Structures are given as structure tokens and as C-alpha cells.
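Reader: Hey, can you pull up the model so we can go through it together?
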Amino acid sequence: MTPDSADNGRATTYPVALRLAGRRVVVAGGGRIAARRVERLLAAGARVVLIAPRLAPALAERAAAGSIEWHQRGAEDADVRDAALCFAATDDVDVNTRIAAAARARGIPVQRADDAEASDFLVPALIERGPLQVSVSSDASAPSLTRRLRARLETLVPRAYGDLAALAGEFRGQVKTRVPRAERAEFWNAVFDGPIAEQVFAGRIEAARRELQAALAEAEPAKRATRGEVYLVGSGPGDPDLLTFRALRLMQRADVVLYDSLLPASILELVSPDAERIHVGKRASKHTLPQDQINALMVELAQAGRRVLRLKGGDPFVFGRGGEEIAELADAGIPFQIVPGITAANGCAAYAGIPLTHRDYAQSVTFVTGHLKQGELNLSWAELAQRGQTVVFFMGRRNLDTICARLIEHGLPADWPAAMVIDGTTARQRLIAATLSDLPARVAAERSTGAALLIVGEVVRLHERLGWFHPTAEY
Ligand SMILES: C[S@@+](CC[C@H](N)C(=O)[O-])C[C@H]1O[C@@H](n2cnc3c(N)ncnc32)[C@H](O)[C@@H]1O
């Protein structure tokens, strides 16, 4: 950092992106840093002249393939002639100093791998998505912080942004000629915030291209922007950290959210603050809104041009009625997308240290519902009572006595391992690991009334060795 930047805390460099296609760029040095510079220069289409007595393997490959011009010797002052840019990246300070001086004497910007302060420019850390580039630089104050930030951004910027930028690039010229200047920003906002971008994020590039073409033809961007759509999103078992990136993005984008009673506040908080919140209930036997009304409401909101987020616990397609909800939308011709979530079975198993399958104990895993249908628990008990498998009961708390009794009647020993995971993956998680005969009484003694998942099988015992998540929160 220079004294100036130290004074006011601001960077003193000026960020630019250089066009180097076909231009001569000189790189002195043949090591790892030179190799990184060369890769980026080649991606930018530069004509790379490399001067080094020896080459790192990646550079040797480039030289052998004829992608770069390699001079096998030490760098000399005259090498920098006619260069658009110069990199002094040898491991010899004196050579770097000499080459940097030679470049500067000819007015050629130079970067020294060994001395950021003595360089004319810095090379930022880069996140690339197609034509989109996000560069991060700290004015050479904290390169390792820059790298950390880059790693975080790498996970935050979806890959599909590259496709979106490429698609925008494809249409840029047409938009310029067909959409009046005053309406252009609004046109692009509608593209990036609306269904066209969503098509790209869902991997439907061709459909996005067609829609963009149509939007352009109509030149009615406002109309396009108000077309409604529905996002059926699985929010996982409770821990907000288990949300997917796509879930989070759509949660930020929606303008109305429909959510159930069991959805944790910590997840609901991540929905855009501007979105209208509609609680549709659904605690066992106390449905706030009947299922058909929830389905109808989604259709109605989407037809009114709203971006509707239907937020479900766990995964929408695992005992989540996702299929029923989406069928109605499909029939009404409303665009929708489905985002999988981590189901309670996977989340609870992982946070309880109970592998659902294991080569020694369980060759298969079955997910079943312990919920009564017309007052009956009509399950294939003989199959569920087989050894060598794990059986996971969703919604099994109310009928726990019956479930355990039936499994024993159909052949499992009374001391067969069974566990209840309550409020799994959250700070209130409770694991009650017991046997079929004593689990009901142990669970009945619990104060918590949270969501509960029953896991039956020998894998339950493994929690003693593999348990790792021991939250301390009190009820
Ligand atoms: C209507 S089902 C929905 C399942 C959800 N779609 C999924 O994939 O996890 C609700 C049941 O899931 C289970 N469940 C959901 N979240 C849970 C959690 N955090 N801990 C324990 N069980 C959970 C309970 O058995 C609860 O009764």
C-alpha cells in the first residue's frame, strides 16, 4: 500500500480490462507464476513471447504445441521491444529489476512477480463465468484476503451467469438497434430479473433464446416482465446452511411466498424482505388452508403476474405433495421450476451420525410415512421388518407405539435398534437412540413437540462412534 492509500484507506490503482488479442506480450520467466500469466494471456488472445532457460511442465506443453513463442535463454533488455505489456516473472530479483527498467524506459507497462510496489499494474484474482469477469484486488495490501474473497465469490456466483452474459452478448447489437435508448435499461432489467433469466438458470438456453427473440420482436418488455411463474423450492430440514444456492437465489427473487407451519423462522428470514408472506399452515390434522385451495392460490397469483415462491420443508418430492401442487400449474400452463432440498431423512441421518446404508448392516433404505390414511396404517409390515435394511418413518411420532409393535409382531427382535431424531439439524436437535420396545416410552417422556423422524435398523448403533453434532440449546 502506498502512503496515499494508507492515508485515506482507498485503493490507489485504476481498474481496467485490457484488449490484448493479437498483441505481443513478453513474459520473462518459466515458473508457476509465469505459467498462470501465460494461460490468461492466451485466453485473451495475446501473442505470447516467453523468455526462459527452463519451463514448468504446463509451459513446456504450450511451447511444444506452438501456442507461444519460446526463447530458451535468459531475458535481455531488447526482448521487451514492441510489447503491449510485459511480465517480469523470473526468480532472479536482478533480472526482474533490469527487465522492468527496460520496459519502463520504452513506456511499456510492466508487472513484477516479486515486487507489487515496483509494478505498473497488479493482476487481480478473477472469477470467470463465460464473458463475465469479476476481479478482486486489494491494492496489494492483502493478497491472501483477496484469494479468500475470490473463493467465496466463486461459490456465490452461479455458473449459469456466464450463459446469461453470453446470451445478452448475442443480442446486444439487436437490442441496440431495435429498442429505443430510453427503454433499453428497462428491457435488460426485465430480461435479467424475469423468466428469461430463469430459463437460463434452469439450463433451458434454447427456450431463453426464443423468449428473448420474442421479447425483442414485441418490443414490449414491460409485458414480458409481468408474466408470472412459480418456484417450488425445497428448503431442507431446518439448518439454513443446508439451503441450495438456487433456493437462496429464488427466495431473493420472489414477490410472494407461500410457506407451511413447520418452516423455521431462520429460513423465512432469508426470503426477500419485499415479498408478501402467506402462511398456508399444514400442521398435522390442523390444515390452515386445504391443499386444493393452496394449489388454486398459486395458480391465481402466478396468473396475476407474480413470482410465487412455494417454500417446502425438506425436499418437495419426498412426502411433500410437490407433485400435486405442480400438476395444477402444469395444467394451467404456468411456467414453474422445482428446486430439490435435502430431505429430513438425509439431514437427520447426517446430523445424528447414522449412515442410512452401511456395507455391514444395511444394503437398502426405505422411506415410508407413518401417517394414518383413513384411520389405518396400511404398510407392508413383513417387508419393513426384514433385517439388513434401514427403514425411515416420516410423520411417525403419533403412531410410534403401533409402528414399533407391528415391527416386533412381524419378526424384528424387541431390542432392535430404533432412534427418533427430533428437530434434526437445528440447534434444538434431540436424538433418542433406543430399541423398538423402549423407544415409545422414551419419546413420550420428551418435552419437545418438534418434527420427529424415526430411523429403524442396526445402523442406529453407529451414532455412538459417528455422532458429531451436539447442540446445547434448551427447549
Ligand atoms: C410432511 S413431511 C415433509 C417431509 C419433507 N418433504 C422432507 O423431504 O423432509 C414432514 C415430516 O418430515 C419429518 N421432518 C421434517 N423436518 C424434520 C426435522 N428437522 N427433524 C426431524 N424430522 C423432520 C418429520 O417426520 C415430519 O413429520
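Author: Here is a quick chat about the overall fold, two helix pairs and a few single residues.

Author: This is a predicted model, where local features need pLDDT of at least 70, side-chain atom pairs count only at pLDDT 80 or more, and totals for chains, interfaces and linings use all residues. Residues are numbered from 1 along each chain as its sequence is written, and side-chain values use heavy atoms, with hydrogens and water left out.

Reader: Cool. How many helices and strands are there in the protein?

Author: The protein has 19 helices and 17 strands. Those are DSSP runs numbered from the N terminus, with helices being H or I of at least four residues and strands E of at least two.

Reader: And is it compact or spread out?

Author: Spread out: the radius of gyration is 30 Å, well over the 23 Å from the globule rule for 475 residues, so the protein is more spread out than a compact globule. That radius is taken over C-alpha atoms, and the rule is 2.2 Å times the number of residues to the power 0.38. Along the principal axes, the C-alpha atoms fill a box of roughly 90 × 60 × 50 Å.

Reader: What share of the residues is buried?

Author: 44% of the 475 residues count as buried. Buried means under 20% relative accessible area, exposed over 50%, and partly exposed in between, with a 1.4 Å probe and protein chains only.

Reader: OK, helix packing. At what angle do α6 and α9 pack?

Author: About 20 degrees, with the axes of α6 (residues 160-178) and α9 (residues 205-218) 11 Å apart. That makes α6 roughly parallel to α9. For the labels, under 35 degrees is roughly parallel, over 145 roughly antiparallel, 65 to 115 roughly perpendicular and the rest oblique. Axes are lines fitted to C-alpha atoms, for helices over the stretch in contact, and angles run from 0 to 180 degrees between N-to-C directions.

Reader: Which residues meet there?

Author: From α6 you get D163, L167, E170, F171, Q174, V175 and R178, and they meet I205, A208, R209, L212, Q213, L216 and A217 in α9. The residues of that contact split into eight nonpolar, two polar and four charged. Here Ala, Val, Leu, Ile, Met, Phe, Trp, Tyr, Cys and Pro count as nonpolar, Asp, Glu, Lys and Arg as charged, and the others, Gly among them, as polar. Contact means heavy atoms within 4.5 Å.

Reader: What about α13 and α14, how do they cross?

Author: Their axes come within 9 Å and cross at roughly 40 degrees, with α14 covering residues 322-331. That makes α13 oblique to α14. Q291, I294, N295, A296, M298 and V299 in α13 meet E324, E325, E328 and L329 in α14.

Reader: Is I294 buried or exposed?

Author: I294 is buried, at a relative accessible area of 0%.

Reader: Switching topic: what does R253 touch?

Author: Leaving out residues up to four places away in sequence, R253 touches F192, D193, G194, A197, E198, F201, Y231 and R307. R253 sits in α11 (residues 245-253) and counts as buried at 13% relative accessibility.

Reader: Last one: which loop holds D82, and what about its phi?

Author: D82 is in the loop between β3 (69-71) and β4 (85-88), and its phi is positive, about 60 degrees, although D82 is not a glycine. D82 is exposed, with a relative accessible area of 66%.

Reader: And where is D139?

Author: In the loop between β7 (132-136) and α5 (143-156). Phi of D139 is also positive, near 60 degrees, but D139 is buried, with a relative accessible area of 8%.
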